[in-house]
Amino acid sequence: MPEPAHHVSRRNLLKTALGTGVAGSLAAAGVGVAHAHGPEESKIPSEDFQASGKKIKQSVMAWCFNPMPMETFVPACAQMGLVGVEGIDPKYYPLMKEHGLKVSLCSGHGFANGPVNPDNHAMCKAKLTEAIDRAVKWDCQNVITFTGMGEKGISSEQSKKNCIDLWKQVIPYAEEKNVTLVLEHLNSRDDSHPMKGHPGYFGDDVDLCIDLIKEVDSPNMKLLFDFYHVQVMNGDVIRRFRQSLPYIGHLHTAGNPGRCELDENQEMNYAAIIQAVAESDYDGYVVQEYIPTWDDKLGSLRHGVKLCDV
């Protein structure tokens with residue numbers, strides 16, 4: 001039975017508007033466009049939402065939002081109360097600075113060709129040294145590093161030794177410059193997408209990564225604890241976060257499965273996770289690093305930022 005005219009829903013009104021080409025007029029009147037994915041509109045923060053940053057210092061991984069122009073993305077991040085951005089081309093660092101955003105993480109070598117193989121050591125050392133210098137220039141605390149993929153013919157024990165040897169070559173310079181190398185643990189289980197999982201990655205066990213960090217034995221070598229990757233590989237993320245806290249230098253978030261938004265379409269209770277972070281003595285960045293599935297990508301980011309703003 002057709003819905004009476006006076007009971008037409010807001011969502012149906014918007015669908016009609018999109019079909020007749022007047023969505024722009026509705027937006028100008030302050031009516032938001034419905035999302036094909038994600039929570040009901042009443043749960044989505046308005047565009048004037050701004051995080052308080054009282055207990056959680058938030059940043060975002062820019063590559064997840066490609067191909068959105070950074071000239072659009074960066075100001076939007078500042079407007080919603082983020083204090084940093086990472087995973088962005090350094091040519092946009094001045095734009096970030098203009099909007100009061102810090103570089104929360106500097107990139108070095110990639111995750112595939114890492115120090116597991118000694119043939120990569122010269123490259124890794126050069127890339128990490130360059131990244132440390134960039135971090136100093138832009139007042140960034142952390143530089144990311146990886147183990148790289150495991151390789152045939154290189155045993156697990158030799159792979160560990162090779163990684164430690166490379167990091168011990170770099171860590172004195174990091175200490176001198178007061179920059180921290182953060183080793184990211186990545187999951188090797190999800191093979192559905194090249195950025196949702198990394199089959200063959202050597203450092204796929206968070207406890208192994210912590211053991212490697214202990215062997216380097218420097219306050220400037222820490223763990224990049226990614227809740228998504230830890231959930232996929234290890235689970236029990238709140239307990240693991242608390243146990244790993246002395247070694248954690250950086251935090252990433254995403255929903256699982258699918259590396260999606262921190263919404264009801266995934267299994268992790270981020271309200272409890274972020275509360276655990278807020279109650280700890282961790283004072284680094286909490287970084288949104290999910291791959292957006294909502295039609296309104298900035299709306300999805302505001303949702304995540306609000307959830308983490310405790």
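This report walks through the fold, the sheet, one helix and some salt bridges of a protein chain.

The model is predicted: local features need pLDDT of at least 70, side-chain atom pairs count only at pLDDT 80 or more, and totals for chains, interfaces and linings use all residues. Residues are numbered from 1 along each chain as its sequence is written, and side-chain values use heavy atoms, with hydrogens and water left out.

## The chain as a whole

The protein chain has eleven helices and eight strands. Both are DSSP runs, numbered from the N terminus: helices are H or I with at least four residues, strands are E with at least two. The chain has 310 residues, and 51% of them count as buried. Buried means under 20% relative accessible area, exposed means over 50%, and partly exposed lies in between (1.4 Å probe, protein chains only).

The chain exposes about 14,400 Å². Carbon and sulfur atoms supply 50% of that area. Accessible areas come from the Shrake-Rupley method with a 1.4 Å probe; for residues, only the protein chains shown count as cover.

Now take contacts, meaning heavy atoms within 4.5 Å. Among contacts between residues at least 6 apart in sequence, 73% join residues at least 24 apart.

## The sheet

Strands of a sheet pair through backbone hydrogen bonds, either parallel or antiparallel. Here eight strands form an open sheet, and the pairing is parallel. The order is β3-β2-β1-β8-β7-β6-β5-β4. Two strands pair if DSSP finds at least two bridges between them. Which strands stand at the edges? They are β3 and β4. Each has a single partner strand, so one side of each is left without a neighbour in the sheet.

Within the sheet, β6 and β7 pair in the parallel sense over four bridges. One bridge partner is I248 in β7, which matches L223.

## Helix α9

Helix α9 spans residues 237-244. Which of its residues are buried? They are V237, R240, F241 and S244. These residues cover an arc of only 105 degrees around the axis, which puts them on the same side of α9. The arc is that of the directions from the helix axis to the C-beta atoms. An α-helix has 3.6 residues a turn, so residues three or four places apart point the same way.

The face turned away from the buried side of α9 carries the exposed residues R239 and Q243. Several elements cover the buried residues of α9, including α7 (206-216), β6 (221-226), α8 (227-233), β7 and α10.

## Salt bridges

A search of the whole structure finds seven salt bridges. A salt bridge is a side-chain nitrogen of Lys or Arg within 4 Å of a carboxyl oxygen of Asp or Glu. Three of them are listed here.

| Pair | Closest N to O |
|---|---|
| D139 and K102 | 3.2 Å |
| R134 and E130 | 3.3 Å |
| R259 and E289 | 2.8 Å |

Start with D139 and K102, which form a salt bridge. D139 lies in the loop between α5 (121-137) and β4 (142-145), and K102 in strand β3 (residues 102-103), so the pair ties together parts that are 37 residues apart in sequence. D139 is exposed, at 52% relative accessible area. K102 is partly exposed, at 41%.

R134 and E130 both lie in helix α5. They are four residues apart, about one turn of the helix. E130 is partly exposed, at 44%.

Next come R259 and E289, joined by a salt bridge. R259 lies in the loop between β7 (248-253) and α10 (270-279), and E289 in the loop between β8 (285-288) and α11 (297-307), so the pair ties together parts that are 30 residues apart in sequence. Are these residues buried or exposed? R259 is buried, at 2% relative accessible area. E289 is buried too, at 4%.
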